[in-house]
Amino acid sequence: MNEPTIQLDVRPEVEEFVAAVRRHLADLPAEERDDLTEGLAADLSDLVAEQGPDVLGDPAAYAAELRAAAGLTPRGRLRPRGSLTDLLDDARDRTLGVLHRPGLAGVGGFLEAVRPVWWVARAWVAVQLLAMLNGGRPTPVPSVEGPAVGFLLLVVAAVLSVQLGRGRLWPRRPAWVRLTIVGLNAFAVLLTPVVLGQFPASGTYDVHDTSYPYVPGLSLDGTPVRNVYAYDRDGKPLVGVQLFDQDGQPLELDAGYVYDATGADVMPFPWYAEGGRYSEAYNVFPLPERTQYDQFEALPGAWHSPRPPRLVPPPLVAVPPVTLPSIEAGEKAREKAAATRRAGR
């Protein structure tokens, strides 16, 4: 059977005295400071109950006695009162004092217990941020230049974070270092929901880029494409180029897309297939265009009107020629075979 837990009431003057003692031990690692002051409040409460509050004495002298008893060197140069380090110590001790009050003892104990979890979590968030800055998306194991490198970075960051939290890394911390650590912790807390928000709730990754609205037909970066101009490998413009995707589906413009040009409506007109599935082909480029007013459809009769649709000249008269090594090799082989045949005649 477990023994019942005895809840001790710590006298206010004892609580204040212990906080002052801890401030005089602030140059020690947190774990070492906790070892020196563990159970001190209970012991002093009993002592004060027997002999009165005057028995407490000077907290600085008491801290020095604790150092000497533990075999530690005396504290070096004394800080002037009111320094930034004192302010940080006061803020920390007051926070701990509040969290360990009888009514909040459970909260304080829980936060103390989950501190190692937070040390690992903040390392995970830091590596996730690095992955996102590198253009990646959050994954359970961060991917930075690949999952292997990301995992290695996560391990290193977690070890450093845990050692920093235990006070084993950089134990003698000046005020600016402590402020930097506080700032980084606050930044990690604020960034955590941002990173978690990048994970889809379904557990699968949504690869659809929602930064652009849905646009019917061909579009470029969310903007409808008005027309397409193709050039051959010599850089010369082509007319009547039929475009299909990898599945054989026609790459069409939105047949109803009308754009405004200096107050007039410009309507794209289709090419007409001679047979097959598509009688009107909006995947043959460039598409003819016609300027018309208050008519938002490509009327077939427009071809016989005084202003029929027309092919607008391409934006570039020519583009630089292009080639592929395999094409050059094939052409040279054909030229060599032709020369051989001519020589044999």
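## The chain as a whole

Among contacts between residues at least 6 apart in sequence, what percentage join residues at least 24 apart? In this chain the figure is 61%. The model is predicted.

The protein chain has ten helices and nine strands. It holds 345 residues, and buried residues make up 27% of them. The accessible surface comes to about 22,900 Å². Carbon and sulfur atoms account for 61% of that surface.

## Helix 1

Helix 1 covers residues 12-24. That gives it 13 residues. From first C-alpha to last, helix 1 reaches 19 Å. This is close to the 18 Å expected at 1.5 Å a residue.

Which residues of helix 1 are buried? They are Val-14, Phe-17, Val-18, Ala-19, Ala-20, Val-21, Arg-22 and Arg-23. Note that the list includes two arginines, Arg-22 and Arg-23.

## Two aromatic pairs

The structure holds two aromatic pairs. One is formed by Phe-17 and Tyr-62. Their rings meet edge-to-face, 5.6 Å centre to centre, with 80° between the planes. Phe-17 sits in helix 1 and Tyr-62 in helix 4 (residues 59-69), so the pair ties together parts that are 45 residues apart in sequence. Is each partner buried or partly exposed? Phe-17 has a relative accessible area of 6%, so it is buried. Tyr-62 is partly exposed because its value is 23%, and buried means under 20%.

Phe-269 and Trp-303 form another edge-to-face pair. Here the centres are 6.2 Å apart, and the planes make an angle of 85°. This pair also links distant parts of the chain, 34 residues apart. Phe-269 lies in the loop between strand 5 (264-268) and strand 6 (271-272). Trp-303 lies in the loop between strand 9 and helix 10 (325-344). Phe-269 counts as buried because its relative accessibility is 0%. Trp-303 is at 32%, so it counts as partly exposed.

## Helix 8, inside and out

Helix 8 runs through residues 147-166. Take two of its residues, Ser-161 and Leu-160. Ser-161 has 8% relative accessibility, so it counts as buried. Leaving aside residues up to four places away in sequence, Ser-161 touches Trp-119, Arg-122 and Ala-123. Leu-160 is at 46%, so it counts as partly exposed.

Leu-160 also belongs to a nonpolar surface patch of about 630 Å². The other members are Leu-152, Val-156, Leu-169, Trp-170 and Trp-176. Which element gives the patch its largest share? Helix 8 does, with three residues.

## A cis peptide bond

Most peptide bonds are trans. Where does the chain have a cis peptide bond? One joins Phe-285 and Pro-286, with omega about 0°. Pro-286 lies in the loop between strand 8 (284-285) and strand 9 (289-292). Phe-285 falls within the residue range of strand 8.

Technical notes: Residues numbered from 1 in each chain as written. Predicted model: local features only at pLDDT ≥ 70, side-chain atom pairs only at ≥ 80, totals over all residues. Heavy atoms only, no water. Helix = DSSP H or I, 4+ residues; strand = E, 2+ residues; numbered from the N terminus. Buried < 20%, exposed > 50% of the residue type's maximum accessible area, 1.4 Å probe, protein only. Contact = heavy atoms within 4.5 Å. Patch = residues over 30% accessible without salt bridge, like charges linked within 9 Å, V, L, I, M, F, W, Y side chains within 5 Å. Areas by Shrake-Rupley, 256 points an atom, 1.4 Å probe, with all protein chains shown as cover. Salt bridge = Lys/Arg side-chain N within 4 Å of Asp/Glu carboxyl O. Phe/Tyr/Trp six-rings, centres within 6.5 Å; stacked < 30°, edge-to-face > 60°. Expected span 1.5 Å × (residues − 1).
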